[in-house]
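Grab a pencil and work through these short exercises. Each one comes with a solution that goes step by step.

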Amino acid sequence: MDEKKDMKKHLEEQFKDMKDYISRNIKDLELEKEFDKQVKDINEYLDTSMKKLKSSVSEKHISDTGGFNMPLIGDTAPSFTAVTTAGEINFPKDYKGKWVIFFSHPADFTPVCTTEFMTFSSMQEDFKKLNAELLGLSIDSIYAHIAWLRTIKEKIEYKGMKDVEVTFPVIADLKMEVAKKFGMVQPNASDTQAVRAVFMIDPKAKIRAIVYYPLSNGRNIDEIKRLLLAMQKSDAEGVATPANWQPGDDVIIPPPGSCGTAKERVESKEEGKYCLDWFICFKKQ
C-alpha cells in the first residue's frame with residue numbers, strides 16, 4: 001500500500017513538473033510572439049518615421065532651392081513647351097532622334113554670355129553634322145532676346161567672328177518654369193539669373209552629361225563638342241575614352257568580368273589591342 005502511495009506521489013510530482021514545464025514553454029512562446037509583434041511594430045514605426053523624414057528633407061530642399069529638383073544623369077529630361085526666338089517648341093517631341101545641347105546663361109546683354117553665344121553659333125554646323133541641336137535659355141523676355149541677338153549680329157566682333165547670326169532657339173523663361181525643372185537657378189549663386197548649365201541629352205531624351213559653370217566664367221565649347229563625340233563613340237562601339245581623348249586617339253576596352261577573361265586578355269595577341277595591365281586595355285584607332 002505504501003508503495004502505491006509513493007508511486008502515486010511520484011507520478012503527481014512528475015505530472016506537476018511536466019505541467020510547469022509546459023506552462024513555462026507556453027508562456028515563453030507567448031512572450032516570443034509578443035516580442036516578435038513588438039519588433040514588427042517598432043520596424044514599421046521606424047520605416048514610417050524614415051519615410052516622413054525623407055519627405056520632410058525633400059520638401060525642405062525643394063523649398064530652399066526655389067521649388068525644384070535637378071534631374072540627374074540617366075534621368076529622362078523633363079518635358080516642356082516654351083516660346084523661343086525660333087517660335088514655340090515642344091520638348092522633347094520636336095527633337096526626337098537628335099542629340100540636344102541645352103544650355104542656360106545668366107542674362108542677355110552680358111559680356112560673357114555674348115562671347116559664348118557667338119562661339120556656339122559659329123560651331124552650330126559642326127554640332128548639326130553630329131546630329132545635335134543647340135538650345136539656349138535665360139530668364140529674359142522674347143523681346144530682350146531678339147534685341148540682344150540683333151546687337152550681336154550688327155555690332156559685335158570677337159576673335160575674328162562678326163556678323164554672327166544666332167539662329168538656334170533661345171527660350172524666353174521669365175517665370176523660370178523651365179529653368180526650375182532643370183535646376184538652372186541656384187539661389188546661393190543668384191535668385192534672378194540662371195547659372196551656366198549644360199545638359200547633353202541623347203536621341204532617347206535621356207540626360208547623358210551635365211556641366212555647370214559659375215556666373216563669372218565662360219564655357220569651353222570645344223570641350224562640349226569633344227564630350228559629345230566621346231559619348232557617341234562609346235555608344236557606337238561599346239568602348240570608353242581615356243583622359244583628354246580626342247577623335248582618332250586609342251580607346252579603352254571595358255574591363256574583364258572574370259579572372260579567366262583577364263588572363264586571356266593580357267596574353268592575347270589580338271591585332272590592334274594592347275594592355276598596360278589586366279584591367280586596362282586599349283584598342284588602337
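**Exercise 1.** In which strand does Arg196 lie? Also work out whether Arg196 is buried or exposed.

*Solution.* This is a predicted model, with pLDDT of at least 70 needed for local features and 80 or more for side-chain atom pairs, while totals for chains, interfaces and linings use all residues. Residues are numbered from 1 along each chain as its sequence is written, and side-chain values use heavy atoms, leaving out hydrogens and water.
- Start with the place: Arg196 sits in strand β6 (residues 196-201).
- Next, the relative accessible area of Arg196 is 2%, so Arg196 is buried (under 20%; exposed is over 50%, partly exposed in between).
- Then look for a partner: the side chains of Arg196 and Glu116 make a polar contact of 2.8 Å (N or O atoms within 3.5 Å, one able to donate a hydrogen and the other to accept it).
- Last, UniProt lists Arg196 under "binding site" in an unreviewed entry.

**Exercise 2.** Find out how helices α2 and α4 pack.

*Solution.*
- α2 (residues 111-122) and α4 (residues 142-155) have axes 11 Å apart, at an angle of about 70°.
- That angle makes them roughly perpendicular (65 to 115 degrees).
- Cys113, Thr114, Phe117 and Met118 of α2 meet Trp148, Leu149 and Ile152 of α4 (heavy atoms within 4.5 Å).
- Sorted by type, these contact residues are six nonpolar, one polar and no charged.

**Exercise 3.** Is Lys233 buried or exposed?

*Solution.*
- Lys233 belongs to helix α6 (residues 221-237).
- Its relative accessibility is 18%, so Lys233 counts as buried.
- The side chain of Lys233 also makes a polar contact of 2.7 Å with that of Glu237.

Notes
Axes are lines fitted to C-alpha atoms, for helices over the stretch in contact, and angles run from 0 to 180 degrees between N-to-C directions. Helices (H or I, at least four residues) and strands (E, at least two) are DSSP runs, numbered from the N terminus. Angles under 35 degrees count as roughly parallel, over 145 as roughly antiparallel, 65 to 115 as roughly perpendicular and the rest as oblique. Ala, Val, Leu, Ile, Met, Phe, Trp, Tyr, Cys and Pro count as nonpolar, Asp, Glu, Lys and Arg as charged, and the others, Gly among them, as polar. Buried means under 20% relative accessible area, exposed over 50%, partly exposed in between (1.4 Å probe, protein chains only). UniProt positions are given in the numbering used here, feature names are shortened, and annotations may be inferred rather than shown by experiment.
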